[in-house]
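Trainee: I would like a close look at one part of this model, the salt bridges and the elements that carry them. Please take it slowly and connect the pieces.

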Amino acid sequence: MISFIRVDDRIIHGQIVTRWSKEYPCDGIIAVNDKAANTPVLKQSFKASTDKKVFIWTMEHFLEKADTVVNSPKKYFLITKNPVDMKKILVDHGFVPNDIKRVVVGPCNDRPGSIKLGNNQSLIQEEADACEAMTNAGYDVYFALLKETAIGSWPKFRSKFGY
């Protein structure tokens, strides 16, 4: 089962392992990112960051395993590197993550063409479009590096992107 959904451009790091896993207990972490899944050194570094079971899967592999994940008695975090990939999972492919309706967006670095929402939280238009689509599909897209530093949900920021 899915116990927490996160978008984080660092994928797996200390905040995920030490802070969020205390807020939302889990048995393992499933990171969906084609590049990381196909780069052995990245996979190994993510797996070494925690004593929890870590899966680094391509999008295709996750979609093949989606039913197994949802029906598992174990609790898993579902993490993607960007909102576009999370939208592909939740909206385009219709994955239903048990009863979880909040997508917590963490670090999204400043990049050319991005609009700053908060500290270390910037989106490009394509990512904003993904946030809009997830919100329209019934998800609360919530921006928080950590729980106590949350800056709000997507409706607060959507006008910056022409919605």
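Trainee: What is the relative accessible area of Lys-147?

Mentor: Lys-147 has a relative accessible area of 46%, so it counts as partly exposed; buried means under 20%, exposed over 50%, and partly exposed the range in between, with a 1.4 Å probe and protein chains only. This is a predicted model, in which local features need pLDDT of at least 70 and side-chain atom pairs count only at pLDDT 80 or more, while totals for chains, interfaces and linings use all residues. Residues are numbered from 1 along each chain as its sequence is written, and side-chain values use heavy atoms, with hydrogens and water left out.

Lys-147 forms a salt bridge with Glu-23, at 3.2 Å from N to O. The term stands for a side-chain nitrogen of Lys or Arg within 4 Å of a carboxyl oxygen of Asp or Glu. The two residues are 124 apart and link distant parts of the chain: Glu-23 is in helix α1 (residues 14–23), and Lys-147 is in the loop between β8 (140–143) and β9 (152–153). Helices (H or I, at least four residues) and strands (E, at least two) are DSSP runs, numbered from the N terminus. Glu-23 is partly exposed too, with a relative accessible area of 35%.

The whole structure has 8 salt bridges. One of them pairs Lys-88 with Asp-85, with 3.8 Å between the closest N and O atoms. Both sit in helix α5 (residues 83–92), 3 residues apart, so about one helical turn separates them. Asp-85 is buried at 14% relative accessible area, whereas Lys-88 is partly exposed at 34%. Helix α5 itself lies across β1, β2, β4 and β5, running at about 125° to β4; such angles run from 0 to 180 degrees between N-to-C directions, with axes fitted to C-alpha atoms, for helices over the stretch in contact.

Glu-132 and Arg-158 form another salt bridge, with their closest N and O atoms 2.4 Å apart. Glu-132 belongs to helix α6 (residues 125–136) and Arg-158 to the segment after β9, so the pair ties together parts 26 residues apart in sequence. Glu-132 is buried, at 8% relative accessible area, and Arg-158 is partly exposed, at 26%.

Glu-132 has company in helix α6: the buried residues there include Ala-128, Cys-131 and Met-134. The buried residues of α6 pack against α5, β5 (102–105), β7 (121–123) and β8, where contact means heavy atoms within 4.5 Å. The 12 residues of α6 should span 16 Å at 1.5 Å a residue, and the end C-alpha atoms are 16 Å apart, which agrees; the expected span is 1.5 Å times one less than the number of residues. After α6 comes Gly-138, which has a positive phi near 100°.

Several of these strands belong to one sheet. Its 7 strands run in the order β3-β2-β4-β1-β5-β8-β9, open and with mixed pairing; two strands pair if DSSP finds at least two bridges between them. The edges are β3 (53–57) and β9, each pairing on one side only. Further in, β1 (residues 2–7) and β4 (residues 76–80) are parallel, with 5 bridges, and Ile-5 has Leu-78 in β4 as its bridge partner. Helix α4 (residues 59–71) also lies across strands, namely β1, β2 (28–32), β3 and β4, at about 135° to β3.
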